[in-house]
Amino acid sequence: MASGVIKVVIKEIGSAIKGEFNLHKNLRKDMEKMKVTLESVEAVLSEAERRSITDEPTRLWLKRLKDALYEISDMLDDFEADSSNLLEGVVKKFKMPNKMKEMQERLQKISEDHTKYSVPAETRRDKQPVPDIRETPVNAEETDPIGRTDDKQKIMGRLSKSIAENTTFLSIWGFGGIGKTTLARLVYKDPQFKEYSKAWVYVSEKLDLKKIGNSIISQLSEKEEQSKIDELKIIHDRLEKLLAGNKKILIILDDLWEKRPSELEKLKVMLKQAEGSKVMVVVTTREESTAKEIGSVDSYCLAPLTDEMCRDIIKQKCNFEARPYKERLEPIGKGIAKKCGGVPLAAQSLGHMLKSKPYDVWDSTVAERSYAREDATLFTMHDLMHDLARSVMADEFYLKGPNCRYACLTDCTKPLKSSTTSPAKIKALHIVDHPADCLEENQFHPDAYSQAKHLRVLVLDVSPYSLRELPDSIGKLKQLRYLSVPNISGRMDLRCIAQLTKLNYLNLCGSTHLTGLPKSISEMKGIRSKAGLGVFMQWNNDDNKRGIFIEATSMADSPLQAEAHALELAAQVAQAMDVQEPKFLTDNQVLAEAASKRNPVKFPGHWTIRPHLHRYIQFTEGADARIFKITRENNRIAHNRAQDAYNGRSVGSYSAA
């Protein structure tokens, strides 16, 4: 969506203004002016994207804006890229001010055009509101959700333990799309509550006690009629009669956003009138603070699914078993599942979208998601329907169109410009060649990708017969972040790889004559590599100090991500050993602060460690865990274990008096 792209472009311009590019004084002023314009546009994007769901002119305005944003990003890439030709560099700097002026005028026109589609504030309240797409009916038919059986059993167990209370409040919390409503629906339909009177209320962002009260009254009353009581006192009195009297009642409050303790207390008071009855209230929310404030028993943090579970969901929704060429789609499906980030809503949406789509669309989806990982804010969906986003982006997948940005080619013997009218605009490219027996050796065309100068993702899925060596021209793709060139059969000169200073993923699997990587590759800041994980655990046992060393390896984007993975591993071991009040030590300040907040949605520390924090919270839930920041010197045992793990040396346990 445009809101994701504009954040990235504003960040790029900000980097240029701060001096990361060598700018002329007047050019810096032009960039500052453009940044102000973009920030003004960003302020109205939320309302525009909401209206675009039903309004075609607004959707067109957003498309024009996004096209302009992409061109600004490409312009900055061109200016930033090093030029080996002195004359070319001078010409580039000479043309930049004129390009900036043209883009600023274009942006200004787009900004002014927005007023044609905006709704005056005084008339906005009379308009029919756009339906809240987050609201899900309790009777929605669906197959058994994948990966949530254990979560449901844990929820049922907590509810069963609260027999002594008249009214029990249990909260399920986690970020949007993680499956809170689905889990609540499983609880609602469980046979254990067959004899219960039940009510399901969708709360939403605004806490409306009258709406909630009237909905519960309507659902619990013997006569099936709508309750429209306007006075809160009368609602309280009516609920008191309905909830009391030796009854069994289950109430689901779905999607509660309210954070103010005073308002949450009012909600609890309204439902705590079950004299002599057994009332279970299950609440779903995104905020841990809300979950703890309203809960009377321990809240439940819902963790992301595994990649395998997301893959199974995609298969289920796209009717995978009935599709032809399953063996070709299987590895692509695994790649798509990894991009879901453990979010079942993303897996479901992708599965539905891919149900009737051919191989090349599956392939381009992997490229799209890979590019989306360049920045956490780019194309973030949250609870928006993915199919809507796909329809908005349809022209970005059309090879013959002027705005193609994601492409899959099946002929590597031709130049890229013969397949698309806009090669310079392509951001992600996947090239799949013909079967090996149809190609002669070295038929890979030298311009099969080189004209896509703003390429971020390149996958050369070609046979060893058509590509025997890594083309030097890859080194000219200065904006490349993701490169996959497996199964090269000849000897390779990899010095061109070191020219890709922004690369953060490299796949050369199956290349039989790979002798090593150039030393200069170590200077590439973005490359993801193996990291050693070291965990040292210590406790007292019969007046003796006992401890264990744990070593493991993991792929990590940064030392912070490796530290977060180690913390998750330590928490999992502590849970398995039933350690009460565990204390975790880390020498990373960001990780210590984020873990102590126990709210990775609001305080993630960094977006790359949010999944690890979610699992850490789940493993330590109810254990009164604490985490402390210590110095690297005091953390030397775990640090040494990590070094041993990285170098493949074995470690063990120890015993000391």
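In the next few minutes I will walk you through two nonpolar cores and one sheet in this structure, which is a predicted model.

Let me begin with the cores. In soluble globular proteins, nonpolar side chains tend to be buried together. Here, the largest nonpolar core is made of 36 residues, and those with the most contacts inside it are I13, L38, L65 and I72. If you ask which elements give two or more residues to this core, they are helix 1 (2-20), helix 2 (25-51), helix 3 (56-80), helix 4 (86-117) and, much further along the numbering, strand 8 (457-461). Helix 3 supplies the largest share, with 10 residues. To see how one residue sits among the others, please find I72, which, once its neighbours within four places in sequence are set aside, is in contact with V9, I13, M34, M103 and L107. There is also a second core, separate from this one, which has 28 residues and includes A199, V203, I217 and I251.

Let us now turn to the sheet. It is an open sheet of five strands, in which the order is 2-3-4-1-5 and the pairing is parallel. Which strands lie at the edges? They are strand 2 (197-204) and strand 5 (300-301), each of which pairs on one side only. Strand 2 is joined to strand 3, residues 248-256, by seven bridges in the parallel sense, and within that pairing V201 has L253 of strand 3 as its bridge partner. Finally, helix 10, residues 261-271, packs on the sheet, where it touches strand 1 (167-173), strand 3 and strand 4 (278-285). The direction of helix 10 makes about 160 degrees with that of strand 3.

Key: Residues numbered from 1 in each chain as written. Predicted model: local features only at pLDDT ≥ 70, side-chain atom pairs only at ≥ 80, totals over all residues. Heavy atoms only, no water. Core = buried A, V, L, I, M, F, W, Y, C linked by side-chain atoms within 4.5 Å. Buried < 20%, exposed > 50% of the residue type's maximum accessible area, 1.4 Å probe, protein only. Helix = DSSP H or I, 4+ residues; strand = E, 2+ residues; numbered from the N terminus. Contact = heavy atoms within 4.5 Å. Pairing = 2+ DSSP bridges. Axes fitted to C-alpha atoms, helices over the stretch in contact; angles between N-to-C directions.
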